[in-house]
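Biologist: Let us go through this model and ask, for each label, what earns it. Please keep the answers short.

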Amino acid sequence: MKVITFILETQQPILATSFQGDPNSDVSFSYIPGSMIRGALIGRYLKRHPELGKDILSDVAINQKVKRLFFDECTRYLNAYLFCSNKKKRTLPLPLSWYRKKDEELLLSQEPALDVYDLSQYEPEQVPLKSLSERFCTVNERQVVLYRDKRRINIHTARDRTKGRSSPTKRHPVTNQVIQEGEGAIFRYEALDVKQTFQGVILCEDDDADTIENLLKPTDIWLGGSRSAGYGHTKIKILSPHQPQELDEWNEIDIKPEHRLNRQRLKITLLSDTIIRDCCGQFSAAPCLVQQAIEDKLQIQLPAASNVFISSTVVGGFNQTWGLPLPQIQALSAGSVFVFDAQLTREQIQTLETEGIGDRCIEGFGRIAVNWLGEYREFSARPPEKIKASETQLDEKYHDLAGQMAENILRQKLEQFLVDRVSDIKIQGKITNSQLSRLEIVARKGLTNHPSFLPIIELLSSLTSNANEQYRNTKVSGNKSLEQQLKDWLIKPIGNTDSWLKNPQDLEVNIGGITRKIEPDSDLFREYTLRLIMAVAKKAKKESNK
């Protein structure tokens, strides 16, 4: 069998709806489900083979290739989890047996590291513990990097399709009965944010590798729900085109089975949600069913689990052909851990990790890791390293666009900074509105063409004695006279304690390695200095009129 690995980079928010939240909200999974990838590739296959018809299952009896690609266990579409671009590694679900001290948190800085305890090995005495909030991790011996997906929350309003706007509910004027239901319900989408990278994996037969790689082209693909509302655009990049790995050389945890033999105990970790039926054929999340599923798969007898860390969830899906959601069923959550006093052979480990257990394995459910975490009691956890701007590659043709975007964001930051700065300024003194209006007009004059301080300087140097006295007797924030404050804003350089902009580095914007910042003696600095003076004059006039 072959292993095809590929990258999915979100260009728009992705709404892979799970069963979380209230009825008026859709909350996405923290990953891209394998069933969603499989459905998208089925859609592409149908477009390239119109002779199959809309119901692809009706042609399975004639076309065995279709069955092998999408509907039996010859091909498996695994979940696309967050991709660690620094280490070129696919993250995996966080084991539920991991806990941290209740009063410790994972810091954004690399130091100090967070101590993580594996309760499947031992439990610290008299230490209050708490589960981790991160969802994914990469593991290298005792070194762990914790990851969390980024979310985007959008608020939407249901609209009348004809009118293009919300409409009120109409009631009978006498009976008060509803005549026509209105549109206008408010609901919320919590989707996976843009510019996140996920790695997907497809396990397939050797003869199908070329077909699947062709289905992964072109690069643009739409996944998930609400695609017409600006969701779902994703780009695909195959990591090893034309050279897919052999299944014997690959596994999800990137540790060879022979290096995981002869452990004191057998530890099973679920790498995806797992759907299992009981003896009556009903779906259940009972932990004993995992033991039964492993025994049936390997034809062995295991002792009862000595330690279990599990959580349950509800899974479903959506059938595009039906236009209806799939039935909701209960499943064991990814990250669940089961500990047995037993041993497995290399062949048994490889069989479990290749085939998985339970139902819907072709959609990424039922993935298993055997003895993944070793026998360590404690791990040292850190957040992922930030990608430096210089490491972000951007095509030269986009440099102008990135520069314009960075400048727009910088201006937005400056606008907000001026609002906050002016709100903190208090003006005390009896300066007339005519003098304040004159100051405002002169500052506006300085904004024409290239921003210049010359009109303000000429005004301050040509004041009459009466006007000059008003400027000197008016205090700004109780410290300096208005005259001195204006001179400091005009003369003092950026970063000086008397300047209106003490920390210019806080406003710096970087997009794809293209940086925009406010420079000393630049047009941008002069423009916003003049706008600050205008805003202060307006505020003083409003306060004097009260």
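Modeller: I will start with one residue pair: I427 stands opposite V476, a residue of β33. Keep in mind throughout that this is a predicted model.

Biologist: What makes β32 and β33 paired strands?

Modeller: Two bridges join β32 to β33, the strand at residues 475-476. Pairing requires at least two bridges, so the criterion is met. The two strands run antiparallel.

Biologist: Which strands make up the open sheet with β33, and in what order?

Modeller: The order is β32-β33-β34, three strands with antiparallel pairing. β32 (427-428) and β34 (480-481) are called edge strands because each pairs on one side only.

Biologist: Why is the pairing in the sheet β2-β3-β16-β13 described, and as what?

Modeller: This open sheet of four strands has mixed pairing. Its edge strands are β2 (17-18) and β13 (151-157), each of which pairs on one side only. The parallel sense is found between β3 (residues 25-28) and β16, over three bridges. Within that pair, S25 has R188 in β16 as its bridge partner.

Biologist: How do you know that β8 pairs with β9?

Modeller: Two bridges connect β8 (residues 98-101) and β9 (residues 114-118) in the antiparallel sense. The threshold is at least two, so this counts as a pair. β8 also runs antiparallel to β10 (residues 129-131), and three bridges join them. Y99 takes part in both directions: Y117 is its bridge partner in β9, and S131 stands opposite Y99 in β10.

Biologist: Why is I186 called exposed?

Modeller: The relative accessibility of I186 is 55%. Exposed means over 50%, so I186 qualifies. The residue lies in strand β16.

Biologist: What makes the nonpolar surface patch that includes I186?

Modeller: I153, I155 and I186 make the patch, which covers about 320 Å². For I186, the 55% accessibility is over the 30% that a patch member needs, so that condition is fulfilled.

Biologist: Why is A342 called buried rather than exposed?

Modeller: The relative accessible area of A342 is 14%. Buried means under 20%, so the label follows. A342 sits in the loop between β29 (337-340) and α5 (346-355).

Biologist: Which residues does A342 touch, leaving out those up to four places away in sequence?

Modeller: Those residues are R265, L266, L302 and P303. As for distance along the chain, A342 and Q264 are 78 residues apart in sequence, while their C-alpha atoms are 8.0 Å apart in space.

Biologist: What is said about phi of K195?

Modeller: K195 is not a glycine, yet its phi is positive, at about 55 degrees. Most residues other than glycine have a negative phi. K195 is in the loop between β16 (186-192) and β17 (197-204). With 54% relative accessibility against a limit of over 50%, K195 therefore counts as exposed.

Biologist: What about phi of D254?

Modeller: D254, also not a glycine, has a positive phi near 60 degrees. Its loop runs between β20 (245-246) and β21 (266-270). D254 has a relative accessibility of 61%, which is over 50%, so this residue is exposed.

Biologist: Why is the peptide bond from K217 to P218 called cis?

Modeller: Omega of that bond is near 0 degrees, and the bond is listed as cis. Most peptide bonds are trans. P218 is in the loop between α3 (209-215) and β18 (220-222).

Biologist: How many disulfides does the structure hold?

Modeller: The count is zero. Take C288: the nearest cysteine sulfur, that of C279, is 9.1 Å away. A disulfide needs sulfur atoms within 2.5 Å, so C288 is in none. On another cysteine, C84 has a relative accessible area of 5%, under the 20% limit, and is therefore buried.

Biologist: What are the totals of helices and strands in the chain?

Modeller: There are 11 helices and 36 strands. Of the 546 residues, 44% count as buried. The exposed surface is about 29,400 Å², with 48% of it supplied by carbon and sulfur atoms. Among contacts between residues at least 6 apart in sequence, 74% join residues at least 24 apart.

Key:
Residues numbered from 1 in each chain as written. Predicted model: local features only at pLDDT ≥ 70, side-chain atom pairs only at ≥ 80, totals over all residues. Heavy atoms only, no water. Buried < 20%, exposed > 50% of the residue type's maximum accessible area, 1.4 Å probe, protein only. Contact = heavy atoms within 4.5 Å. Areas by Shrake-Rupley, 256 points an atom, 1.4 Å probe, with all protein chains shown as cover. Patch = residues over 30% accessible without salt bridge, like charges linked within 9 Å, V, L, I, M, F, W, Y side chains within 5 Å. Salt bridge = Lys/Arg side-chain N within 4 Å of Asp/Glu carboxyl O.
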